[in-house]
Protein chains: 2
Amino acid sequence: MAAVESYPMKGGDGTFSYVKNSSFQKSASSVVQGLISSAITEKFDVKPSATPTTIRLADLGCSVGPNTFTAMQNVIDTINTKAKSLSCQNPQYQVFFNDHVGNDFNTLFTSIPSDRAYFSAGVPGSFYGRLFPDSSLHFIHSSYSLQWLSKEPKELVNKESEAWNGGRIHYTSAPRGVVDAYARQFSEDMELFLGERAKELVVGGMMVLIMPCIPDETVAHSQVPAGIMFDLLGASLVDMAQAGVISQEQVDSFNLPIYSVSPMEMESLVKKNGRFSIEKMELTDPTSGRKNNEGGSKTSGDGNAIANHLRAGMEGILSKHFGVEKTDELFERFSKKTIEFSDKFKSSLKQGTQLFIVLVKKN
Amino acid sequence: MAAVESYPMKGGDGTFSYVKNSSFQKSASSVVQGLISSAITEKFDVKPSATPTTIRLADLGCSVGPNTFTAMQNVIDTINTKAKSLSCQNPQYQVFFNDHVGNDFNTLFTSIPSDRAYFSAGVPGSFYGRLFPDSSLHFIHSSYSLQWLSKEPKELVNKESEAWNGGRIHYTSAPRGVVDAYARQFSEDMELFLGERAKELVVGGMMVLIMPCIPDETVAHSQVPAGIMFDLLGASLVDMAQAGVISQEQVDSFNLPIYSVSPMEMESLVKKNGRFSIEKMELTDPTSGRKNNEGGSKTSGDGNAIANHLRAGMEGILSKHFGVEKTDELFERFSKKTIEFSDKFKSSLKQGTQLFIVLVKKN
Ligand SMILES: Nc1ncnc2c1ncn2[C@@H]1O[C@H](CSCC[C@H](N)C(=O)O)[C@@H](O)[C@H]1O
Ligand SMILES: Nc1ncnc2c1ncn2[C@@H]1O[C@H](CSCC[C@H](N)C(=O)O)[C@@H](O)[C@H]1O
């Protein structure tokens, strides 16, 4: 198995923990619960014939909860409803919670709802490698995880390369060569991902992927929410280098292994793999759920919320490179910038920055 | 699912961690590796017909390693050898590592050998409840876990009861009423255990259980290794109560939820359950592996080793009741006593204090 770099979300349940700062992902996924339910109702084979009927589900990149529990319960509820409408018995369920080996599985396991009606298991390891036996899964779900590349493209730190990315930490607002290096890495990773999943999923099995995206190639990365955040984070680091708190070299050698794909790009990668039919591919608005449910009282565009959200996800990778103390200062600076730019951020959170995909494994 | 008390082994890899203090269990299980291999070779159905062939194994009460990895690898190697001798392809394997939800699964997952040839998953939860879907396992292994009762028998702390166990922390050297209360609890727990496993194991599936035992009812509990340790631990607590460090009431209200069964008792519990055939039931010497492999240079009878061994397993339950500081003092006192009594302990480690059982699920 290839070595994969791992930067787990912040474990435990402290102020900056993922548990307490995953409401963006939560609102993002509540938008798609309905879409997932429709996909299951229309296309998922509940297989009433096999005995004993156990349906095996996996959530890839589940982090420590709670979103993964909501997502899995929604899938199960929908399958049960479908089974009932076909007058079959409810199947048994086994849910596999996957994330990097460095993920805080202890916290995850403590949080699994005690009234669940499924058997649960944790599966440590990268989803860019094999995780499950042949044809052993019926349903795969992955939300806001596939934007993480297996590693940063090496060319980015090579001064001789067209992809040299000095003074930036991401391909946002970067020259073509940098964007291309990221796109190549994403394409390689996706090839691995789809290849492994094709082995693990039964024929007719369903895979639902939710990920940040750009609507199409004409939209600048610097205008989408992730791009805005990464630009502000990068600017905060550049400020720190100018103030002499960190070195320029430290900024030059750091790059976020994160990529937002476009629907067209994703479609061509799935077709290249060839083992899945595309049942649905749709752009959605990650915040529409929040607006509907919470009356906009606490939008995801709040400066502090953005900073804490990003911190829960990125503290690991940043403090590894810059040190723990510098990371504290970084987030103070970043938090100020997000407040300043919060209008821009809010207006970027619109239809078309989240990709929802339903794939079915071909015969 | 009934609430079950949980006292996980000491996690992490510090001085008193289970990882560093499980050599007794290791030597105990190395004795039985050969026995397990024979049982598989003679009785385990490698099911070459089903496609895809995935054999699912579970280790119940696996703790944090490393013994569980050795045990699982031995099972897999033996099945592969058998499959080869029958000219079938090697099956794929999925290993489920089970322990209480409070177990340190983060440490476990970090230690899973990277060169393993199996898919792995962690399953949190008590083995006195359901853990897996119907007929989803082919092989179940449990070593040195089933001596842990689901809870301490309530009668022990009732002054009016015949089972009142004031001034002691175990049934060792206790009146009949106390021993009976422990035996009843074990029998109830085993009924649950066998009932749930019968649902989870496929017909023809194999279950191997290794547990501390007394050879027969005529042997005093105070003469077997576990009994000697618990007597010394209890005596150390009584000393502390007499010195006024802890209260008598604290000693009276504490009881170790641990039981050593006899082969006859176990046989009758398996027969009562009725879903398994007994393919083998054998008394073995838990230390013979160590004597053979390590030339007796570092026997399990060493005072400090005993104290650390017991501490890795019992620190959780003791510090919960007596507090962390008192537990430090307790182990200092206990350690002195184990050195004093190490000859008695060593000579108790003889043939017949470990029960090895092979069950096969009936049609
Ligand atoms: N290659 C990989 N294999 C497994 N997990 C990965 C991964 N790359 C990233 N992740 C995980 O993906 C998660 C992204 S955070 C999203 C968590 C969750 N799906 C939710 O919607 O709330 C992190 O926990 C991260 O550790
Ligand atoms: N009801 C229960 N359910 C699951 N695990 C249990 C349990 N009762 C005890 N255990 C676990 O059993 C383990 C006993 S220590 C033995 C560990 C391992 N089998 C070895 O041989 O090295 C502990 O980790 C404890 O947490």
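Which residues are the closest to ligand 2? In this predicted model, the answer is Tyr18(B), Gly61(B), Asn67(B), Asp99(B) and Ser143(B), out of 19 residues that surround the ligand. Three side chains of chain B can be followed to individual polar atoms of ligand 2. Asn67(B), one of the closest residues, places a side-chain N or O atom 2.8 Å from an oxygen atom of the ligand. Ser126(B) comes in on a nitrogen atom of ligand 2, with 3.0 Å between that atom and a polar atom of the serine side chain. For Ser145(B), the partner is an oxygen atom of the ligand, and the distance from a polar side-chain atom is 3.3 Å.

We can now turn from the ligand to the partner chain. Contact between the two chains involves 27 residues of chain B and 27 residues of chain A. Together the chains bury about 2,100 Å², and carbon and sulfur atoms account for 58% of this area. On the side of chain B, the residues that lose the most area to chain A are Phe109(B), Phe119(B) and Pro133(B), which together make up 25% of what that side buries.

Several elements of chain B give two or more residues to this surface: strands S1 (54–60), S2 (92–99) and S3 (119–124), along with helix H3 (105–111). Of these, S3(B) supplies the largest share, with 6 residues. Sorted by class, the side of chain B that touches chain A holds 13 nonpolar, 10 polar and 4 charged residues. Charged residues are thus present on this side, yet the rule finds 0 salt bridges across the interface. Polar contacts do occur, and 8 residue pairs between chain B and chain A are counted, with both members at pLDDT 80 or more.

How are the two copies arranged with respect to each other? A turn of 180° with a shift of 0.0 Å along the axis lays chain B on chain A, and the RMSD is 0.0 Å. This is the relation of a two-fold axis. Within chain B, Gly122(B) has the C-alpha nearest the axis, at a distance of 2.4 Å; its position in the sequence falls within strand S3 (119–124), the element that also gives the largest share of the contact surface. Both copies use the same surface, with 100% of the contact residues of chain B recurring in chain A.

Definitions and conventions
Residues are numbered from 1 along each chain as its sequence is written. Chains are lettered from A and ligands numbered from 1 in the order in which they are written. This is a predicted model: local features need pLDDT of at least 70, side-chain atom pairs count only at pLDDT 80 or more; totals for chains, interfaces and linings use all residues. Side-chain values use heavy atoms; hydrogens and water are left out. Contact means heavy atoms within 4.5 Å. Buried area is the accessible area (1.4 Å probe) that two parts lose on being put together, summed over both. A salt bridge is a side-chain nitrogen of Lys or Arg within 4 Å of a carboxyl oxygen of Asp or Glu. A polar contact is a pair of N or O atoms within 3.5 Å; within protein, one must be able to donate a hydrogen and the other to accept it, and residues adjacent in sequence count only if both atoms are side-chain atoms. Helices (H or I, at least four residues) and strands (E, at least two) are DSSP runs, numbered from the N terminus. Ala, Val, Leu, Ile, Met, Phe, Trp, Tyr, Cys and Pro count as nonpolar, Asp, Glu, Lys and Arg as charged, and the others, Gly among them, as polar. Copies are superposed by least squares on the C-alpha atoms of residues with pLDDT of at least 70 in both. A residue is near a molecule or strand if one of its heavy atoms lies within 4 Å of it.
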